[in-house]
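The following exercises are to be worked with the sequence and the three-dimensional model at hand. Each task is followed by a solution in steps.

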Amino acid sequence: TGDLIVDTHHTIEDTGIVLGNAIRIALRDKRGIKRYGSCILPMDETLVLCAIDLSGRPYFSFEGEFTAEFFYAVSYSAGMNLHMKILSGSNNHHMIEGLFKAFGRALDEATMKDTRIKDIMSTKGSL
């Protein structure tokens, strides 16, 4: 049930942590995946950018009008390098929806198997 009597911060953060952990566990050793994904997504008057590197090293960068604690928690729990930016927009609903959709599309691209990649996309041999 969380601590919603205080505020929604911890529930939002906890949800991001759970999703990030699920992504990390599902990807296992990341063998054969593309590793990188990006999306520039238009939604009416809004334009957002999302770029992901499933490097195993967490980093989060966000440029927008509000906080993005959910995506920060996802990034650090999953061990992903995540950059998000609202390039333009005036409708909060469109900006937030655009961020989530761009994240989903970028993550889909980064996690896709590529038959040309036989091992792990790293000179170190691990991500």
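**Exercise 1. The enclosure of a helix**

Which residues of α2 are buried? Determine also what covers them.

*Solution.* The model is predicted, and residues are to be read with this in mind. Step one is to locate the helix: α2 spans residues 69–78. Step two is to apply the cut-off, under which a residue is buried if its relative accessible area is under 20%. The residues of α2 that meet it are F70, F71, A73, V74, S75, S77 and A78. Step three is to draw the conclusion: seven of the 10 residues are buried, so α2 is largely enclosed by the rest of the structure. Step four is to identify the cover, which includes the helices α1 (9–27) and α3 (92–111) as well as the strands β3 (59–63) and β4 (81–88). Finally, the residue G79, just after α2, adopts a positive phi of about 75°.

**Exercise 2. Aromatic pairs that involve the helix**

Classify the ring pairs F60–Y72 and F71–F100, and state the burial of each partner.

*Solution.* Ring centres must lie within 6.5 Å to form a pair, and the count comes to eight aromatic pairs. For F60 and Y72, the centres are 6.3 Å apart and the planes make 80°, which gives an edge-to-face pair. F60 belongs to strand β3 and Y72 to helix α2, so this pair links distant parts of the chain, 12 residues apart. F60 is buried at 15% relative accessible area, whereas Y72, at 42%, is partly exposed.

For F71 and F100, the centres are 4.7 Å apart and the planes stand at 50°, so the pair is tilted. Because F71 lies in helix α2 and F100 in helix α3, the pair ties together parts that are 29 residues apart in sequence. F71 is buried, with a relative accessible area of 4%; F100 is partly exposed at 42%.

A last step is to follow the ring pairs onward: they join F60, F62, F66, Y72 and Y76 into a cluster.

**Exercise 3. A residue beyond the last helix**

Is I120 buried or exposed, and which residues does I120 touch?

*Solution.* I120 is found in the segment after α3. Its relative accessible area is 11%, so I120 is buried. Leaving aside residues up to four places away in sequence, the contacts of I120 are D29, K30, R31, G125, S126 and L127. For a distance across the model, take I86: the C-alpha atoms of I120 and I86 are 31 Å apart, with the two positions 34 residues apart in sequence numbering.

**Exercise 4. The protein as a whole**

What pattern do the helices and strands follow along the sequence, and how does the radius of gyration relate to that of a compact globule?

*Solution.* The protein has three helices and four strands, in the order α-β-β-β-α-β-α. For 127 residues a compact globule would have a radius of gyration near 14 Å; the protein has 15 Å, which agrees. Along the principal axes, the C-alpha atoms fill a box of roughly 45 × 35 × 20 Å.

Next, consider contacts and surface. Of contacts with a separation of 6 or more, 68% join residues 24 or more positions apart. Of the 127 residues, 37% count as buried. The exposed area is about 7,400 Å², of which carbon and sulfur atoms supply 57%. Finally, there are 14 positive and 16 negative side chains, and the centres of these two sets lie 14 Å apart.

Terms used:
Residues numbered from 1 in each chain as written. Predicted model: local features only at pLDDT ≥ 70, side-chain atom pairs only at ≥ 80, totals over all residues. Heavy atoms only, no water. Helix = DSSP H or I, 4+ residues; strand = E, 2+ residues; numbered from the N terminus. Rg over C-alpha atoms; globule rule 2.2 N^0.38 Å. Buried < 20%, exposed > 50% of the residue type's maximum accessible area, 1.4 Å probe, protein only. Contact = heavy atoms within 4.5 Å. Areas by Shrake-Rupley, 256 points an atom, 1.4 Å probe, with all protein chains shown as cover. Lys, Arg positive; Asp, Glu negative; His and termini not counted. Charge placed at Lys NZ, Arg CZ, Asp CG, Glu CD. Phe/Tyr/Trp six-rings, centres within 6.5 Å; stacked < 30°, edge-to-face > 60°.
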